[in-house]
Amino acid sequence: MHPADPEAQRTARVPASDRGAVLIEFALVFPILLVLTLTVVDVSRAFFVKNMLHQAAREGVRTLVVSSPDSARVRASEIMVAANIPVTSITCLGPANRQMGVRVESQYTWLYPGLFKLVGANLPSPLTLKAEAWMRKETP
């Protein structure tokens, strides 16, 4: 074995008996890592949709207190269209104690619903996500 030969150095580091053990360890760990990665992707998408619903509700109620309910619905819809998220409903609420509100709803479909059933969570697909925002309407 020549010390400058990279192939000889690589095979010298891992004994032949350990090569099979590494493959078995990978085969045991890889499915768990794959499930965790796909679950993180799906849950992250749900958080993104929920965040966009909150943003649309905030923008809608801000428009509602200075304008009309139709303008508020249009503004909330613009936010959701920009994020490419379909809207189920946009509802203007109030006034109640000089408070006005907007509720935005959307249907969220899981990419990997089987993963959640695999770990025992029974999440409906599609899932209805809602966000509501309230703001005080100042009278002149």
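**Helix 3, a hairpin and Ser 106**

Colleague: Which exposed residues does the face of helix 3 turned away from its buried side carry?
Modeller: Keep in mind that this is a predicted model. Exposed here means over 50% relative accessible area. On the face of helix 3 turned away from its buried side, the residues that qualify are Asp 70, Val 81 and Ala 82.

Colleague: And which residues of helix 3 are buried?
Modeller: The cut-off for buried is under 20% relative accessible area. In helix 3, the residues that meet it are Ala 72, Ala 76, Ile 79 and Met 80.

Colleague: How wide an arc do they cover around the axis?
Modeller: An α-helix has 3.6 residues a turn, so residues three or four places apart point the same way. The buried residues Ala 72, Ala 76, Ile 79 and Met 80 sit on the same side of helix 3, because the arc they cover is only 95°.

Colleague: How far apart are the end C-alpha atoms of helix 3?
Modeller: Helix 3 runs over residues 69-82, which is 14 residues. At 1.5 Å a residue, the span should be 20 Å. The model agrees, with the end C-alpha atoms apart by 20 Å.

Colleague: Which residue just after helix 3 takes a positive phi?
Modeller: Helix 3 covers residues 69-82. Just after it, a phi of about 60° is taken by Asn 84.

Colleague: Now the strands. How many bridges join strand 1 and strand 2?
Modeller: Strand 1 covers residues 89-96, and strand 2 covers residues 99-108. They pair in the antiparallel sense, and the number of bridges is 6.

Colleague: What is the bridge partner of Cys 92 in strand 2?
Modeller: Strand 1 and strand 2 are antiparallel partners. Cys 92 is bridged to a residue of strand 2, and that partner is Val 102.

Colleague: Which residue in the hairpin takes a positive phi?
Modeller: The hairpin of strand 1 and strand 2 has 2 residues between the strands. A positive phi near 55° belongs to Asn 97.

Colleague: Is Ser 106 buried or exposed?
Modeller: Ser 106 lies in strand 2. Its relative accessibility is 1%. The cut-off is under 20%, so Ser 106 counts as buried.

Colleague: Which residue's backbone oxygen lies 2.6 Å from a polar atom of the side chain of Ser 106?
Modeller: Leaving aside neighbours within four places in sequence, Ser 106 has contacts including Leu 53, Ile 85, Thr 88 and Leu 127. Pro 86 is also in contact with Ser 106. The backbone oxygen at 2.6 Å from the Ser 106 side chain is that of Pro 86.

Technical notes
Residues are numbered from 1 along each chain as its sequence is written. This is a predicted model: local features need pLDDT of at least 70, side-chain atom pairs count only at pLDDT 80 or more; totals for chains, interfaces and linings use all residues. Side-chain values use heavy atoms; hydrogens and water are left out. Helices (H or I, at least four residues) and strands (E, at least two) are DSSP runs, numbered from the N terminus. Buried means under 20% relative accessible area, exposed over 50%, partly exposed in between (1.4 Å probe, protein chains only). A polar contact is a pair of N or O atoms within 3.5 Å; within protein, one must be able to donate a hydrogen and the other to accept it, and residues adjacent in sequence count only if both atoms are side-chain atoms. Contact means heavy atoms within 4.5 Å. Two strands pair if DSSP finds at least two bridges between them. The expected span of a helix is 1.5 Å times one less than its number of residues. The arc is that of the directions from the helix axis to the C-beta atoms.
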